[in-house]
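User: Please take one chain of this model and examine closely how its strands and helices are arranged. I should also like to know how the two chains are placed relative to each other.

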There are 2 protein chains.
Amino acid sequence: MNTLLTVGSVAFDQIETPWGNSDIILGGAGTYISLAASNFNIKSNLVSVVGGDFTENYLDVLRNHNVDITGIEKKKDEKTFFWHGRYHKNMNERDSIATELNSLGSFEPVVPTSYQNADILMLGNLTPVVQRKVIEQLNNRPNLIVMDTMNFWMNTMLDELHRTISMVDVLTVNDEEARQLSGEFFLPVAAKKIIKMGPRIVIIKKGEHGALIFNKDDVFFAPALPLSKVADPTGAGDSFAGGFVGYLAQTNDYSFENMKNAVIVGSAVASLSVQEFGTKKLQDLPKEELNARIDIFRKLTAFNLPKNIF
Amino acid sequence: MNTLLTVGSVAFDQIETPWGNSDIILGGAGTYISLAASNFNIKSNLVSVVGGDFTENYLDVLRNHNVDITGIEKKKDEKTFFWHGRYHKNMNERDSIATELNSLGSFEPVVPTSYQNADILMLGNLTPVVQRKVIEQLNNRPNLIVMDTMNFWMNTMLDELHRTISMVDVLTVNDEEARQLSGEFFLPVAAKKIIKMGPRIVIIKKGEHGALIFNKDDVFFAPALPLSKVADPTGAGDSFAGGFVGYLAQTNDYSFENMKNAVIVGSAVASLSVQEFGTKKLQDLPKEELNARIDIFRKLTAFNLPKNIF
């Protein structure tokens with residue numbers, strides 16, 4: 001069984017959407033990634049930090065999904081990272097009402113000895129310095145290092161960001177971030193420029209418009225499923241990432257062809273995740289529902305056009 | 001050989017983009033649709049209106065692409081419809097610098113006797129009253145009536161728009177227009193509501209994000225090709241429509257399964273059209289290039305994920 005090592009935030013979220021509000025609920029990139037990846041036949045290890053307010057029942061959610069939490073540090077005298085967000089009517093834009101870093105602000109990741117020899121390292125969105133510290137603690141380089149990041153690090157620590165990007169195999173960003181990072185408007189040109197920064201693969205996430213995966217020569221497009229209802233877009237990108245790395249770890253095949261499959265799997269998991277607030281859907285995902293959702297994706301873009309119609 | 005009857009504007013355009021400007025060039029929905037459809041083995045008839053300034057060399061462009069122009073009225077003492085547009089940096093938004101209706105303002109479409117018995121009627125974006133007048137002049141209902149429209153008619157003559165929509169088989173709108181027309185945010189819900197207005201098929205065009213085609217029960221997603229350069233997005237939707245109806249007329253198969261093929265064909269034609277200013281690319285499209293582009297679309301979304309991975 002292959003091992004996925006994830007580093008990412010574990011948090012409390014409070015979510016407002018035009019259609020409803022949540023209580024204070026479990027959130028964080030590390031949480032979404034680990035729960036999404038827990039659907040696969042893999043070993044899943046998580047490095048993160050929480051505060052004294054992160055009670056056992058929350059840790060049990062992770063434990064119950066076979067996530068090894070040896071690497072979650074608990075700072076008893078501090079509070080857990082808290083984010084309060086409000087989505088606009090179009091669900092693509094959101095305002096941060098509150099971002100309280102708390103214990104995450106001084107996070108010094110420590111990779112437990114039992115976490116060495118991971119097959120895949122998934123770096124959830126954190127400061128590029130923290131991400132790099134995790135890479136540097138590994139005795140053997142994993143088969144695949146996947147890194148998520150965001151515009152905030154491009155604005156505030158671009159040099160550090162470049163340094164970490166140069167060490168990874170796969171970078172995931174959204175379309176605006178790809179444009180900002182590369183200085184190029186057209187996405188294939190942006191992807192090529194980012195690939196020159198180090199990663200051999202760039203995944204450009206376009207939310208409700210799907211995702212593109214590029215290598216040096218090729219591109220594949222994974223659609224997003226047009227949904228009749230979205231309860232909460234929070235964690236969609238992390239659920240996608242968890243499905244992506246989970247499937248790759250299960251199959252142990254890091255070819256571009258298999259990454260096409262993995263982005264479909266990630267898209268399917270994300271499309272399920274957003275149908276409930278927070279991690280609710282990820283916490284209870286029957287295998288039949290996952291397989292059925294992937295079949296819907298299969299049908300969504302399949303066509304049977306004869307060759308040489310002109 | 002099946003017959004496509006198109007009604008749509010024939011115009012002069014002046015285009016500004018962040019990467020270059022055009023002279024005053026041939027444009028108009030009817031022009032783009034007819035030129036795109038001219039790649040197929042069909043008979044193509046066009047109903048439109050131009051002014052005295054629309055010289056023979058422009059009409060020759062249409063004639064040379066086997067478009068029957070019997071139905072183009074020439075108002076010698078008026079000028080041709082003129083549009084001057086400026087695209088923003090993101091190429092999805094544009095400002096109209098000038099919109100001079102000229103001869104189009106008093107357009108009373110006349111379907112020539114030789115145009116009767118069309119297999120497909122394509123109603124380019126025009127007032128819904130003009131669109132309906134064309135339907136009402138046909139002695140026999142075509143096998144398929146496809147209608148394009150826009151938010152302007154939703155804002156200014158919604159009742160007339162509804163009346164025309166109720167008479168067609170396929171409606172094409174963009175995502176914001178689908179939301180406005182239906183009053184629904186989520187596109188599958190919007191499409192279902194529009195289908196209740198009459199059409200059995202709704203195509204939602206999302207520009208660089210592709211297109212969705214819905215019937216009552218089903219949905220198919222056609223990606224847009226991520227391009228490394230776009231010279232001019234003008235006419236992309238009309239090139240798409242021309243490819244869509246052209247392929248349907250050539251195959252004479254109006255099933256939803258074949259419409260999936262047709263939206264891929266339309267997307268491929270549109271992706272070529274935008275690579276040059278105006279109709280330049282549509283005027284010179286070798287069959288090999290068209291077939292090759294469709295092969296790229298085939299590869300863009302094809303994956304090979306085993307069944308029941310969970």
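Analyst: The account below begins with the sheets and helices of one chain, turns to a helix pair in the other, and ends with the contact between the two.

The model is predicted: local features need pLDDT of at least 70, and side-chain atom pairs count only at pLDDT 80 or more, whereas totals for chains, interfaces and linings use all residues. Residues are numbered from 1 along each chain as its sequence is written, while chains are lettered from A and ligands numbered from 1 in the order in which they are written.

An open sheet of nine strands in chain B has the order β5-β4-β1-β8-β9-β10-β11-β12-β13, with mixed pairing. (Strands are DSSP runs of E with at least two residues, helices are runs of H or I with at least four, and both are numbered from the N terminus; two strands pair if DSSP finds at least two bridges between them.) At the edges of this sheet stand β5 (67-75) and β13 (219-222) of chain B, each of which pairs on one side only. From one strand to the next, the twist averages 15°. (Angles run from 0 to 180 degrees between N-to-C directions, and axes are lines fitted to C-alpha atoms, for helices over the stretch in contact.)

Within this order, β11 (residues 201-205) and β12 (residues 211-214) of chain B run antiparallel and are joined by four bridges. I203(B) is placed opposite I213(B) of β12(B). Helix α6 (residues 175-182) of chain B lies across β10 (170-174) and β11 of chain B, at about 110° to β10(B).

Chain B also has an open sheet of four strands, in the order β3-β2-β6-β7, again with mixed pairing. Its edges are β3 (20-27) and β7 (94-100) of chain B; each has a single partner strand, so one side of each lacks a neighbour in the sheet. Direction ignored, neighbouring strands here are turned by 15° against each other on average. Strands β2 (residues 11-17) and β6 (residues 82-87) of chain B run parallel and are linked by five bridges. In this pair, I15(B) stands opposite G85(B) in β6(B).

Two helix pairs of chain B may now be considered. Helix α3 (residues 128-137) and helix α5 (residues 158-165) of chain B have axes that come within 9 Å and cross at roughly 30°. The angle makes α3(B) roughly parallel to α5(B). (Angles under 35 degrees count as roughly parallel, over 145 as roughly antiparallel, 65 to 115 as roughly perpendicular and the rest as oblique.) Their crossing is left-handed, meaning that the near helix is turned anticlockwise from the far one by less than a right angle; clockwise would be right-handed. On the α3(B) side, P128(B), V129(B), Q131(B) and R132(B) meet E160(B), L161(B), R163(B) and T164(B) in α5(B). (Residues are in contact if their C-beta atoms, placed from the backbone, lie within 7 Å.) This contact contains three nonpolar, two polar and three charged residues. (Ala, Val, Leu, Ile, Met, Phe, Trp, Tyr, Cys and Pro count as nonpolar, Asp, Glu, Lys and Arg as charged, and the others, Gly among them, as polar.)

In the second pair, helix α1 (residues 29-37) and helix α8 (residues 236-251) of chain B pack at about 40°, their axes 7 Å apart. They are therefore oblique to each other, and the crossing is right-handed. The residues of α1(B) that meet α8(B) include Y32(B), I33(B) and L35(B), and their counterparts in α8(B) include D238(B) and V245(B). Eight nonpolar, five polar and one charged residue make up this contact.

In chain A, helix α8 (residues 236-251) packs against helix α9 (residues 256-273) at an angle of about 140°, with axes 7 Å apart. The angle makes α8(A) oblique to α9(A).

How are the two chains related? A turn of 180° and a shift of 0.0 Å along the axis lay chain A on chain B with an RMSD of 0.0 Å. The copies are thus related as by a two-fold rotation axis. (Copies are superposed by least squares on C-alpha atoms of residues with pLDDT of at least 70 in both.) Of the residues of chain A, H209(A) comes closest to the rotation axis, with its C-alpha at 3.0 Å. The same surface serves both copies, as 100% of the contact residues of chain A recur in chain B.

In this contact, 33 residues of chain A touch 33 residues of chain B. On the side of chain A, α7 (187-196), β13 (219-222), α9 and α11 (287-300) each give two or more residues. The largest share, five residues, comes from α11(A). This side divides into 21 nonpolar, eight polar and four charged residues.

Conventions:
Two residues are in contact if their C-beta atoms, placed from the backbone, lie within 7 Å.
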